[in-house]
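Thanks for coming. I will talk through the ligand site and the pockets of one model, and I will keep to what is on the screen.

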Amino acid sequence: MSHTGPILDGRGATDYERYVRVPELLELQKPVEELSHPEERLFQTTHQAAELWLHHIDYEVGRVVKALGENEPAVAAELLERCRRIVDLLREQIIILETMAPVDYHVIRTSSLGRGSGQESPGFAKLLEVGKRIWGPFEELIRRRNLSLIEIERTPRAQRELFRLVQAMLDYDEAFLKWRFTHMRLAFRIIGSKVLSLKGVPAAQLELGTREPLFPELWETISALTSEFPPAY
Ligand code: HEM
């Protein structure tokens, strides 16, 4: 009797395929013969992969919120650092689409996408909430320790764990802004900036999102700290 054959339930010849659910996953892609253009596969793969990772960030953010409520700033910082890496990965992956010729994208855009828009991404909508979800529990955590944000910035080594958490929040925020900027440049490169999206929204509006941090108070505190150090010359 073989000791290497699959033992898990599910479709696929191996336990790898059954665990990862490879057959089900690949069925979610348009078959080659239905693609409006050979470049459409890349477009669909990029969006599908992004949705999986966005969903995962949402899951990890739930754990961050829980860690904050349980007075575990180091755990929250570690998980946020993981989320930051995922956002960086998402940024790296969307620029693969810059290898597509704009004229090829127009075939996909005008025949396959309906009135679809990235704005409708449920995963992205959740990411826009990350600031609000984390900020309340974070404020409560530092209040319980009788500290304010500016105090953490003034004496980072006296509150090493909390400072690390603040840094992780800034890192995440910055990674998200960089994603938005990179995506804006991708959109301008493929369809231009002086056009309307499939939703009728000016593409140039993407720029607004590149100026909206998730944690504005953190950035304001850094400015406040700077104003406490006027130049002596
Ligand atoms: C050919 C490549 C792409 C083009 C030309 C493009 C174009 C656009 C445009 C014009 C908008 C703003 C207007 C609107 O939403 O209707 C937008 C928004 C958005 N797109 Fe894309 N996009 C591309 C690829 C992607 C990819 C790969 C993702 C990954 C998930 C994505 C996700 C989003 C998201 C989340 C928004 C909302 C952004 C925000 O509100 O800041 N897009 N896209």
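Before the pockets, one convention on residue classes: Ala, Val, Leu, Ile, Met, Phe, Trp, Tyr, Cys and Pro count as nonpolar, Asp, Glu, Lys and Arg as charged, and the others, Gly among them, as polar. Please also keep in mind that this is a predicted model.

I will take the smaller topic, the second largest pocket, to begin with. The space in it comes to about 200 Å³. Its lining consists of Leu25, Leu26, Leu28, Gln29, Thr45, Gln48, Ala49 and Leu52. Two elements, α2 (22–26) and α3, each give two or more residues to that lining. The largest share is from α3, with four residues. By the classes I just gave, the lining of the second largest pocket has five nonpolar residues, three polar and no charged.

Now the largest pocket. What takes up this space? The ligand does. The volume of the largest pocket is about 1400 Å³, and 47 residues line it. Nearest its centre are His47, Ser117, Gly118, Gln119 and His183. Several helices contribute: α3, α4 (73–94), α5 (102–111), α6 (122–128), α9 and α10 (206–209) supply at least two residues each. Which of them gives the most to this lining? That is α3, with nine residues. By class, the lining of the largest pocket splits into 26 nonpolar, 14 polar and seven charged residues.

Next, the ligand and its shell. There are 23 residues around the ligand, and those that come nearest are Ser117, Gln119, Arg180, His183 and Ser197. In the shell, the most residues come from α9, which gives six; in the lining of the largest pocket, as I said, α3 gives the most. The shell has 14 nonpolar residues, seven polar and two charged.

Some of those nearest residues have short distances to polar atoms of the ligand. For Arg180, a side-chain N or O atom is 2.8 Å from a ligand oxygen. For Ser197, a side-chain N or O atom is 2.7 Å from an oxygen atom of the ligand. For His183, a polar side-chain atom lies 2.8 Å from a ligand nitrogen. As for where the shell comes from, α3 (40–69) and α9 (160–190) are the elements that give two or more residues to it.

Last, the iron. Which protein residue is a donor of the iron atom of the ligand? His183 is the only one, through NE2, at 2.1 Å. His183 is found in helix α9, and α9 is also the element that gives the most to the shell.

So to recap His183: it is among the residues nearest the centre of the largest pocket, it is one of those that come nearest the ligand, and its NE2 is the only protein donor of the iron. That is the end of my part.

Key:
Residues numbered from 1 in each chain as written. Predicted model: local features only at pLDDT ≥ 70, side-chain atom pairs only at ≥ 80, totals over all residues. Heavy atoms only, no water. Near = heavy atom within 4 Å. Polar contact = N/O pair within 3.5 Å; in protein donor to acceptor, adjacent residues only side chain to side chain. 1 Å grid on protein atoms, 1.4 Å probe; cavity = no way out; pocket = protein on both sides within 12 Å on 5 of 7 lines; lining within 4 Å. Sits in = over half its atoms within 2 Å of the grid points. Donors = N, O, S within 2.8 Å, 3.2 Å for Na, K, Ca; no water. Points joined across faces, edges and corners; volume = space filled by probe spheres on them.
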